[in-house]
Amino acid sequence: MENEILFSEELISNKIFFIRNQKVMLDRDLAFLYSIETRVLKQAVKRNISRFPKDFMFELSPDEFSNWRSQFVTSNSDKMGLRYSPMAFTEHGVLMLSSVLNSDKAIQTNIQIMRIYTKVRQMLLDTTDLKIDILQIQKKLENHEKNIELVFSYLDELTQKKIDEKPRTKIGYKK
């Protein structure tokens with residue numbers, strides 16, 4: 001089972017949400033990836049709650065929960081298994097799940113999830129670098145614009161002097 005790809009990167013990355021300014025995965029999505037029921041995952045977490053401080057796992061507030069449900073258009077929450085607020089696991093919480101769910105599938109799935117979290121983090125860093133580069137180019141272009149305007153104003157001044165210039169008296173032999 002070494003280095004076996006269990007799920008596509010796209011499937012896993014689509015299950016990473018941005019809630020409370022953190023990248024998290026929800027209990028039902030993790031349960032699907034681990035091939036267990038959501039209630040089994042929740043029970044395992046509750047039995048080992050000391051391993052999951054607030055920066056590892058939190059339950060969605062009623063507002064977040066209703067907002068999340070409305071985004072997924074799940075009107076009949078009882079039939080969809082959404083009676084209770086989902087647990088949201090941060091990257092560290094997902095990592096901790098592998099020690100709570102002690103199965104080969106959980107370990108392999110966690111390895112895959114951690115690799116995707118790393119790729120997402122790298123993509124964010126790359127886009128941040130690109131934004132910084134673009135801002136630097138914009139500043140340079142603004143400076144170039146100002147310099148070009150200055151050159152044109154000097155040219156305008158010179159051409160204006162040429163037009164306004166009086167004819168000089170000639171020196172030398174006069175006829």
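Two strands count as paired here if DSSP finds at least two bridges between them. With that cut-off in mind, select β3 and strand β4, residues 87-89: they pair in the antiparallel sense over 3 bridges. Within this pair, Glu59 of the selection stands opposite Met87 in β4. The model on screen is predicted.

**The whole chain**

Zoom out and colour by secondary structure. The protein has 6 helices and 4 strands, and along the sequence they follow the pattern α-β-β-α-α-β-α-β-α-α. Of its 175 residues, 30% count as buried. Among contacts with a separation of 6 or more, 71% are between residues 24 or more positions apart.

**The sheet**

Now show the strands alone. The 4 strands form an open sheet in the order β1-β2-β4-β3, with antiparallel pairing. β1 (16-19) and β3 (57-59) are at the edges and each has a single partner strand, so one side of each lacks a neighbour in the sheet. From one strand to the next, the twist averages 45°.

Step through the other pairings, starting with β1 and β2, which are antiparallel over 4 bridges. Select Ile16, whose bridge partner in β2 is Met25, and then Ile19, whose bridge partner in β2 is Gln22. The hairpin of β1 and β2 has 2 residues between the strands, and in it Arg20 takes a positive phi near 55°.

Next, move to β2 and β4. These strands run antiparallel and are joined by 2 bridges. Select Leu26 to find its bridge partner in β4, Ala88.

**Helices on the sheet**

Return to the pair of β3 and β4, antiparallel over 3 bridges, and add two helices. Helix α3 (residues 38-47) packs on the sheet and touches β3 and β4, with its direction at about 75° to that of β4. Helix α5 (residues 91-100) also packs on the sheet, but touches β2 (22-26) and β4. The direction of α5 makes about 95° with that of β4.

**Helix α2**

Select residues 27-34, helix α2. Of its 8 residues, 6 are buried, so α2 is largely enclosed by the rest of the structure. Which residues of α2 are the buried ones? They are Asp27, Asp29, Leu30, Ala31, Leu33 and Tyr34. Just after the helix comes Ser35, with a positive phi near 60°.

Keep α2 selected and show α3 again. Two packed helices are described by the angle between their axes and the distance between the axes. For α2 and α3 the angle is about 105° and the axes are 8 Å apart. The two helices are therefore roughly perpendicular to each other. Show side chains at the contact: Asp27, Arg28, Leu30, Ala31 and Tyr34 in α2 meet Thr38, Leu41 and Lys42 in α3. By type, the residues of this contact divide into 4 nonpolar, 1 polar and 3 charged.

**Asp27**

Centre on Asp27, which is found in helix α2. Is Asp27 buried or exposed? Buried means under 20% relative accessible area, and Asp27, at 2% relative accessibility, therefore counts as buried. Display what surrounds this residue, leaving aside its neighbours within four places in sequence. Asp27 is then in contact with Thr38, Leu41, Lys42, Pro86, Met87 and Phe89. Thr38, Leu41 and Lys42 also appear in the contact of α2 with α3.

**The nonpolar cores**

In soluble globular proteins, nonpolar side chains tend to be buried together. To see this in the model, select Phe89 and Ile113. Of the 25 residues in the largest nonpolar core, these two touch the most other members. The elements giving two or more residues to this core are α2, α3, β4, α5 and α6 (104-164). Highlight α6, which gives the most, with 6 residues.

A second, separate core has 8 residues, including Val24, Leu26, Phe58 and Ala88. Select these four to finish. Leu26 and Ala88 are the bridge partners visited earlier in the sheet.

Key
Residues are numbered from 1 along each chain as its sequence is written. This is a predicted model: local features need pLDDT of at least 70, side-chain atom pairs count only at pLDDT 80 or more; totals for chains, interfaces and linings use all residues. Side-chain values use heavy atoms; hydrogens and water are left out. Axes are lines fitted to C-alpha atoms, for helices over the stretch in contact, and angles run from 0 to 180 degrees between N-to-C directions. Contact means heavy atoms within 4.5 Å. Buried means under 20% relative accessible area, exposed over 50%, partly exposed in between (1.4 Å probe, protein chains only). Angles under 35 degrees count as roughly parallel, over 145 as roughly antiparallel, 65 to 115 as roughly perpendicular and the rest as oblique. Ala, Val, Leu, Ile, Met, Phe, Trp, Tyr, Cys and Pro count as nonpolar, Asp, Glu, Lys and Arg as charged, and the others, Gly among them, as polar. A nonpolar core is a set of buried Ala, Val, Leu, Ile, Met, Phe, Trp, Tyr and Cys residues joined through side-chain atoms within 4.5 Å.
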